[in-house]
Amino acid sequence: MSKLFIQYGAGNIGRGFIGQLFSQGGYRVGFIDVNTDIINRLNADKKYTVTILDNDIKEEVVLYNVYGIDGRDNSAVAEAIASADCMATAIGVNILPYIAPNIATGIKLRYQRGITSPLDIIICENLIDADKYLSQLICKQLDEKETGYFTEHIGLVKASIGRMVPVLTAEQIKSNPTNVFAERYCKLPVDKDAFKGNIPDIPGIYPFSPFGYFIKRKLYIHNMGHSLTAYLGALSGYKYIWEAIDDSRIKYVVLRAMLESAGAISSEYDMPLRDLLLHIYDLMRRFSNHALEDTVDRVGKDIKRKLSENDRFIGALKYCLSIGIRPVYIPAGVAAGLLFRAQKDDNSGELIKALEEKGVVYVLENFCGLSDNETYLNMITEYYKQLTDSFDMEKFIYNLDERYGKINRESDIL
């Protein structure tokens, strides 16, 4: 009998990445979600298809031995978690507080049944210290004895989600809501030290320690570079990410920003810079995958979160400074991000209003956490002014390079 893997969240990452890994790894996969169209179709078909898009190459991967669980059925959710051999979340950071009580109920059920086999929960969310955050949410629902059981038997495992899975069109969803599209890249680095049970021995799972290396590589290189591509792409009038990154001027700035983060990561973890350079070049290739049709609008949206103190830009900036690298191109991403407007971005209205009414310095101090750094307040403000006065990419790059040469030459990571 195959082992049971429970995937909390049947969205694009849940189906298009994590579910694929564990289904192909020999597990029976149960998806928990409140989207009844997806759940009902999974239960009817017992399979779904992931279409791999690699520019002009398409490959269909059919995944079997899957089923759905209605996320509104608390008893069914608890039963699934109590029966699971392994589990993951890919639900979105903002939704974790809403599912934590259900996870806690499943853990309580395991405790009541005297189940001593460990349950590892792989947390596939874009959040630093996601394990600590989820632990706090779950433990609020447990009593003292249940908390002791949780500490001993439940592992909360951080993961680095690198696979790019585009949003489906309304027509694609109507055709079959369970099918999903994804790039070929299908590797899931996980925190080796966090497992309470045996690490799943399946292709695509990469246990690593210390895992902070992968967390920072994902957030400060991949996420930062992806968003910067979107912001500069929007300023240049591009619709798709592949169009933006194929512009050599944008590629140059994105590469230099990624290199600033790479230099800091290489220094902290004593990892060869060459490995990080190869990763950056691979990301550039993946960003240029036109078959994904990933839009500048989707990648760039939610600037309030992405420009916040601990996220991809300001987090990378402060991280570089802590290592002794003085970034020039990363802060340019902050300025470009402040000018980005998504078609629908309900989360960023407060920041945009503050920017319009109180100015860029106020936003940098109160939304981005830069109140204690006059140098970078001035630098980003200057970049912002350059971009708003009249956007000229060649002139902007020239000014970036001039500043880099003046303040950072002695620590040039190239």
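What covers the buried residues of helix 5? Before we get there, keep in mind that this is a predicted model, where local features need pLDDT of at least 70, side-chain atom pairs count only at pLDDT 80 or more, and totals for chains, interfaces and linings use all residues. Residues are numbered from 1 along each chain as its sequence is written, and side-chain values use heavy atoms, with hydrogens and water left out.

Back to the cover: it includes the four elements in this table.

| Element | Residues |
|---|---|
| helix 4 | 96-112 |
| strand 7 | 119-123 |
| helix 6 | 144-153 |
| strand 8 | 154-158 |

Helices (H or I, at least four residues) and strands (E, at least two) are DSSP runs, numbered from the N terminus. In helix 5 (residues 130-139), the buried residues are Ala-130, Asp-131, Leu-134, Leu-137 and Ile-138. They sit on the same side of helix 5 because they cover an arc of only 130 degrees around the axis (the arc is that of the directions from the helix axis to the C-beta atoms). Flip to the other side and you'll find Lys-132 and Gln-136 exposed. Here, buried means under 20% relative accessible area and exposed over 50%, with partly exposed in between (1.4 Å probe, protein chains only).

Now take a look at Asn-176, in the loop between helix 7 (170-175) and strand 9. Asn-176 counts as buried because its relative accessibility is 11%. Leaving aside neighbours within four places in sequence, Asn-176 is in contact (heavy atoms within 4.5 Å) with Arg-41 and Asp-45.

Finally, there's an open sheet of 3 strands in the order 4-3-9, with mixed pairing. Two strands pair if DSSP finds at least two bridges between them.
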